[in-house]
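Trainee: Got a minute to look at a model with me? I'd like to talk through its charged side chains.

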Amino acid sequence: MQGSTWLIVLLAVLIGVGIFYFNYIRAKKRRELFAGFAAQQGWSYLPVNNSLAGQWAGTPFRTGDNWRVKNVLSGPYNGYPMVAFDYSYQTHTTDSKGRRTTTTHKYGVVVMQLPGALPQLEVTHEGIFGGAVANAFGFRDLQFESEQFNRAFRVKADDERFGHAVVTPRMMELLLARGEIGWRIEGNSLVGWDKGDHDPNEVMNRLGLLQQVLEQVPPYVWTDYAGVDPRSRQQPPGGPTYP
C-alpha cells in the first residue's frame, strides 16, 4: 500500500514537471517569435512590462488580480504610436467545501495613440464582451438606424451625441464587415482587444482595423471634442507613453 502511494506521488510530480517544462518551452518560443517580429517591423520588444496593466481603466483591465503584461511590442504604425501585448489576469471562486479555484483570463491587446483626447466610447459584440462591465461604468447602450448593427454590436458612450457622431453609417458598414474585436476610445488611446493569445498576423490585422476606425471618425469630431487638426499626427502633451 505504501509503495502504491509513493508511485502515485512520483507520477504526480513527473506530470507536474512535464507541464512546467511544456509551458516554459511554449513561453520561450513565444518570446522568440515576438522578438523576431518586432525586429522585422523596426519596433521595440520587452518580454514583460506589468506597469502597462494599470494604464487603462476599461475592459479587459482593472478586474481580478495578478495582472500580467508580456511580449510587449511598441513603435510606429503608419504614423501612429502603438503598443501590443499579451495581457492576463486571474479570478478566484470558492465552492461550498471551501476549495478555491483560480481561473486565468488571457487577452491579446493592441493600443493606438490618438492625436487628441476624446470622450469614452466602447464598441463590443452584443452579449459577448463588455456588457456587464460597461453597464457597471454607467455607459448607455446606444441604438442606431441599422437594426443589423444594433443586433450585432453594443455601443456604450458617456456622451450620446459623441457616440452618434463617431458611429456613422460608414463606420457601421466597416464594423459589420470586419468588427472582429472589441475596441474603446479612452482618452488619448484607441484600445482593441480579444480573448486568447494573438499572433503577429493578428496584431497587424487588428492594428489595420484600428487605423480604419480612426480614419472613419469625421474631421469635425476631432476639432469639436479634441481641439486638434485630424490631419496632424503630432501628439498633444499629456498623452500616454508607450515603452
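Trainee: First up, is K70 buried or exposed?
Mentor: In between: K70 is partly exposed, at 43% relative accessible area. Buried means under 20% relative accessible area, exposed over 50%, and partly exposed in between, with a 1.4 Å probe and protein chains only.

Trainee: Okay. Anything I should know about the model itself?
Mentor: This is a predicted model, where local features need pLDDT of at least 70 and side-chain atom pairs count only at pLDDT 80 or more, while totals for chains, interfaces and linings use all residues. Residues are numbered from 1 along each chain as its sequence is written, and side-chain values use heavy atoms, with hydrogens and water left out.

Trainee: Where is K70 found?
Mentor: K70 sits in strand 2, residues 65-77. Strands here are DSSP runs of E with at least two residues, helices are runs of H or I with at least four, and both are numbered from the N terminus.

Trainee: And which residues form the positive surface patch?
Mentor: R31, R68, K70 and K106. Patch residues have over 30% relative accessible area and no salt bridge, with like charges joined within 9 Å.

Trainee: Switching to salt bridges, how many does the structure hold?
Mentor: Nine. Each is a side-chain nitrogen of Lys or Arg within 4 Å of a carboxyl oxygen of Asp or Glu.

Trainee: What does E122 form a salt bridge with?
Mentor: With R184, the closest N and O atoms being 3.1 Å apart. That pair links distant parts of the chain, 62 residues apart, with E122 in strand 4 and R184 in strand 7.

Trainee: Are those two buried or exposed?
Mentor: Both E122 and R184 are buried. Strand 7 (residues 182-195) is mostly covered, too, with 12 of its 14 residues buried.

Trainee: In which sense do strands 4 and 7 pair?
Mentor: Antiparallel, over 11 bridges, with strand 4 spanning residues 100-125. Two strands count as paired if DSSP finds at least two bridges between them. G108, for instance, stands opposite D194 in strand 7.

Trainee: Now helix 6. How many residues apart are E202 and R206?
Mentor: Four, so they are separated by about one helical turn of helix 6, residues 200-216. Their side chains meet in a salt bridge at 3.9 Å, N to O.

Trainee: Why does R206 count as buried?
Mentor: Because its relative accessibility is 6%. E202, at 28%, is partly exposed.

How values were computed:
Patches are made of residues with over 30% relative accessible area and no salt bridge: like charges are joined within 9 Å, nonpolar side chains (Val, Leu, Ile, Met, Phe, Trp, Tyr) within 5 Å. Accessible areas come from the Shrake-Rupley method with a 1.4 Å probe; for residues, only the protein chains shown count as cover. Lys and Arg count as positive and Asp and Glu as negative; His and the chain ends are not counted. The place of a charge is taken as NZ of Lys, CZ of Arg, CG of Asp or CD of Glu.
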